[in-house]
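Grab your viewer and work through these exercises one at a time. Try each task before you read its solution.

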Amino acid sequence: MTESSFNQLPQFTIIGTQIQPNSMRGGALLTAGPWLNKVEKAIGAYIHVPFCFHKCHYCDFFSIVGKEDQHELFVQRLLKELEFVGAKMTELRTVFIGGGTPTLLSLELFDKLLYGVRKHLPLAHDVEFTIEANPETITMEKAAVMVSQGVNRVSIGAQSFNTDLLKQLERWHDPVNVGRAVEFVRSAGIDNISIDLIYAIPTQTVEQVKEDLKEAVSLLPTHLSCYALTYEPNTPLLHKLNSGRVTRVDHDVEADMFDVVAEVLSGSGYKQYEISNFAKDGFACKHNLMYWKNKNWWSFGPAASGHIDGQRWKNSPRLADYLSTSGLPPVEDVERLSQDIQVGEAFMMGLRLLEGMEFAWVESLIEQSPNTWRRTVIERNIEDGFLVWANEKLVLTDKGLHFADTVICELLMCNESE
Ligand code: SF4
């Protein structure tokens, strides 16, 4: 899946003081226990369902193929976790069930899981309750269960409508079923539907990106996430790239695709509110905005990451570890973020949002940086035409949007020589 990718630890993160993984600790398992007394600060929850029916070749998320015999045990275990943590929570404004493929669960388990979320978590009356779905696994019955259990937003992983391009990704679904899935969800009563697309797929042309956008827009989603394909470490796709079996789309062509995505979607009434995310008025994803604004959220399930007050942790990405524990799941990759890293990440998240960063916020972040080195970096990027002050907000220019990763990286990293 792609829309929930922010629940994976951000790729630019610099690990501050990192605690050894449980596998190296030998003693008691590390859990998110230290943050449990602050769980009432969480305004969102991410729930990871780690099962898929096939492994897509670009995917580096924690997902397990097969193991159907573990689905029930997993749901039982998850329900206990929801009950235990949920009792200590206050009010959640967003819940996101991602994966993996949550809709792969049988109808009965799917219903149990959603019922458990509704029963155990303190959902705000206007909660945004999203579930990620694979087009092949949405049925009319599952759509009806979603509605009866309060799901009000569905994010469908289309990625492309071109069978050859889906094959390049080793993505197993028939593009026809995207429309069918949208139809099931909409006729069950959920109008807030997001579609994920990937561009810059090997062999893809700009014309094919336009065709994918046209197909997606014709389904009238309220939201679209369009990410350029990335070649993640330890994925079959990266091996194929390294062995010459696929060729990366040329950089300039990828930049043209990025422009086409923005042009076509803004021409179709979608507002680009984040570099890769577009929404009709009032339909920006509240859950992802929570990540990008660095708010507090709790994580449920294996490999999910949570964040409370500048401390981030990731649950162990091993199903056996998860199933063999009964309280909080074991945790790995705890990060205690230094103030400088928190400032860098605020720029990383803030600049990805097209609304930009308020002058006072930027000033206070600069003051928190040792030697105020970030002021120099910002001024240089303004001179080079990558950043601009517009209506008292610091924003990426059109040119800056194409080099967002570079600009953000410069502001993220502490560079003593500045
Ligand atoms: S459906 Fe594909 S991309 Fe999504 S989690 Fe499963 S393997 Fe990864």
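**Exercise 1.** Work out which hand the crossing of helix 13 and helix 17 has, and how the two helices run relative to each other.

*Solution.* Keep in mind that this is a predicted model.
- Start with the hand: helix 13 goes past helix 17 in a right-handed crossing.
- Next, take the axes. Those of helix 13 (residues 339–352) and helix 17 (residues 404–412) come within 8 Å and cross at roughly 155°.
- Angles over 145 degrees count as roughly antiparallel, so helix 13 is roughly antiparallel to helix 17.
- Now find the residues that touch. Helix 13 brings Gly344, Glu345, Phe347, Met348, Leu351 and Arg352, while helix 17 brings Ala404, Val407, Ile408, Leu411 and Leu412.
- Finally, sort them by class: the contact has eight nonpolar, one polar and two charged residues.

**Exercise 2.** Find the members of the largest nonpolar core that touch the most other members, then list what alanine 45 touches.

*Solution.*
- The largest nonpolar core holds 83 residues, and Ala45, Val95, Ile156 and Val261 are the ones touching the most other members.
- Zoom in on alanine 45. Leaving out residues up to four places away in sequence, it touches Leu92, Val95, Leu121, Trp297, Trp298 and Phe300.
- Don't stop there: a second, separate core has 19 residues, among them Ala346, Val377, Leu411 and Leu412.
- Tie this back to Exercise 1: Leu411 and Leu412 of helix 17 also belong to the contact with helix 13.

**Exercise 3.** Track down the peptide bond between glycine 99 and glycine 100 and decide: cis or trans?

*Solution.*
- Look up omega for the bond from glycine 99 to glycine 100; the value is near 20°, and the bond is cis.
- Then place glycine 100: it sits in the loop between strand 5 (92–99) and helix 4 (107–120).

**Exercise 4.** Check phi for lysine 67 and leucine 220, and say where each residue sits and how exposed it is.

*Solution.*
- Lysine 67 isn't a glycine, yet its phi is positive, about 55°.
- You'll find lysine 67 in the loop between strand 4 (64–65) and helix 3 (71–86).
- Count neighbours: lysine 67 has 12 other C-beta atoms within 10 Å. The cut-off for exposed is 12 or fewer, so lysine 67 is exposed.
- Leucine 220, also a residue other than glycine, has a positive phi near 55°.
- Leucine 220 lies in the loop between helix 8 (206–218) and strand 9 (223–228).
- With 13 other C-beta atoms within 10 Å, leucine 220 is partly exposed.

Methods:
Residues numbered from 1 in each chain as written. Predicted model: local features only at pLDDT ≥ 70, side-chain atom pairs only at ≥ 80, totals over all residues. Axes fitted to C-alpha atoms, helices over the stretch in contact; angles between N-to-C directions. Helix = DSSP H or I, 4+ residues; strand = E, 2+ residues; numbered from the N terminus. Parallel < 35°, antiparallel > 145°, perpendicular 65-115°, else oblique. Left-handed = near helix turned anticlockwise from the far one by under 90°. Contact = placed C-beta atoms within 7 Å. Nonpolar A, V, L, I, M, F, W, Y, C, P; charged D, E, K, R; others polar. Core = buried A, V, L, I, M, F, W, Y, C linked by C-beta atoms within 7 Å. Buried ≥ 20, exposed ≤ 12 C-beta atoms within 10 Å, placed from the backbone.
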